[in-house]
Amino acid sequence: MKTIQTSRFQILIATHSGMCFGVRQAIEATESLLSSRSATILGELAHNPVVQSRMAHLGAHPGQLQNHRAQTPDVVITAHGASDQDRERWKRQGYRILDTTCPLVRVAHQKLANLVAKGYFPVIIGKEDHVEVRGLRGDFSQAQVILQEKDFSKIPQVEKIGLISQTTQPIERVIDLVKALRNHRPEADVTFCDTVCQPTKDRQRSLDDLCRAADVVIAVGGKSSNNTAALARTARAHGCQAYHIEGPSDLRDRWLAGARKVGLTAGTSTLEVSVQAVTKRLQELGS
Ligand code: SF4
């Protein structure tokens with residue numbers, strides 16, 4: 001990990017942190033479209049207010065994936081993906097679609113479809129109201145979403161249960177939940193396809209290293225960013241004092257009192273410029 005020394009403390013920057021290739025590609029493709037004509041973005045391109053205001057500045061209109069009505073002939077499906085049903089419905093209504101679904105989200109859709117084709121009852125480990133999970137579930141109305149052991153009661157008494165995960169769930173928690181389900185339903189064939197994406201795993205592994213070294217961890221990302229919130233939660237679970245902030249103005253000097261090493265990480269929707277701004281503010285506070 002990269003380190004920066006200040007007179008008060010050392011700043012440790014996680015080896016893997018910040019914007020992933022999936023969100024970056026979606027932003028680049030959308031900016032390229034907006035340079036020639038306006039478009040409606042169906043949801044949040046990134047759970048990040050800086051990105052959202054930049055898109056609005058470039059002429060993007062806000063829209064909703066499930067509305068199937070937009071102010072412009074061009075619509076953008078975000079990196080979080082969509083169900084085939086929703087995609088087809090937009091097409092049938094004559095809209096031109098820029099589909100920026102991340103390739104790793106497409107893999108999750110494919111794995112779920114394969115499990116269903118093999119006769120498994122589909123179960124998604126994730127947050128029920130998350131846009132990616134709604135997209136995964138959209139083509140399989142029978143699918144159930146679970147996040148903790150108390151959700152096992154949602155799964156009917158079937159012989160074959162096929163699980164995938166939301167791409168940004170912490171892998172350790174996912175594996176623990178799969179083990180718990182196997183113990184809970186020993187008579188069933190419980191098959192798990194690991195669809196937690198590699199950038200998420202890299203960030204979580206780097207966070208583990210950061211937590212071993214730092215006294216305080218700062219996770220930078222939009223307040224609605226699920227994976228930034230998960231980084232802060234995981235750091236706390238490791239026994240670190242951790243804070244989720246959107247930008248440098250959210251930092252509080254009192255959080256750093258007595259700290260010798262301050263760790264810095266960022267979610268997969270966080271721009272490098274936000275991380276740099278927080279680093280600069282930490283350097284000011286440390287000098
Ligand atoms: S978090 Fe993973 S799945 Fe989601 S956009 Fe980034 S790389 Fe793709």
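The talk below is about the ligand and the cavities of a predicted model.

Colleague: What kind of model is this, and how are residues numbered?

Modeller: It is a predicted model, in which local features need pLDDT of at least 70, side-chain atom pairs count only at pLDDT 80 or more, and totals for chains, interfaces and linings use all residues. Residues are numbered from 1 along each chain as its sequence is written, and side-chain values use heavy atoms, with hydrogens and water left out.

Colleague: Which residues surround the ligand?

Modeller: Among them are Cys-20, Phe-21, Cys-102 and Thr-268. A residue counts as near if one of its heavy atoms lies within 4 Å of the molecule.

Colleague: Why is the ligand said to lie between domain 2 and domain 3?

Modeller: Domain 2 (21–101) and domain 3 (104–192) both give residues to its shell, so the ligand lies between them. The domain bounds come from an automatic or database domain assignment.

Colleague: What makes a space a cavity?

Modeller: On a 1 Å grid over the protein atoms alone, a cavity is a set of points where a 1.4 Å probe fits but cannot get out; lining residues have an atom within 4 Å of a point.

Colleague: Which cavity does the ligand take?

Modeller: The ligand takes the space of the largest cavity. A molecule sits in a cavity if more than half of its atoms lie within 2 Å of the grid points.

Colleague: How much space lies in the largest cavity?

Modeller: About 270 Å³, where a volume is the space filled by probe spheres set on the points. Of its 23 lining residues, those closest to the centre are Cys-20, Val-23, His-80, Thr-168 and Thr-268.

Key:
1 Å grid on protein atoms, 1.4 Å probe; cavity = no way out; pocket = protein on both sides within 12 Å on 5 of 7 lines; lining within 4 Å.
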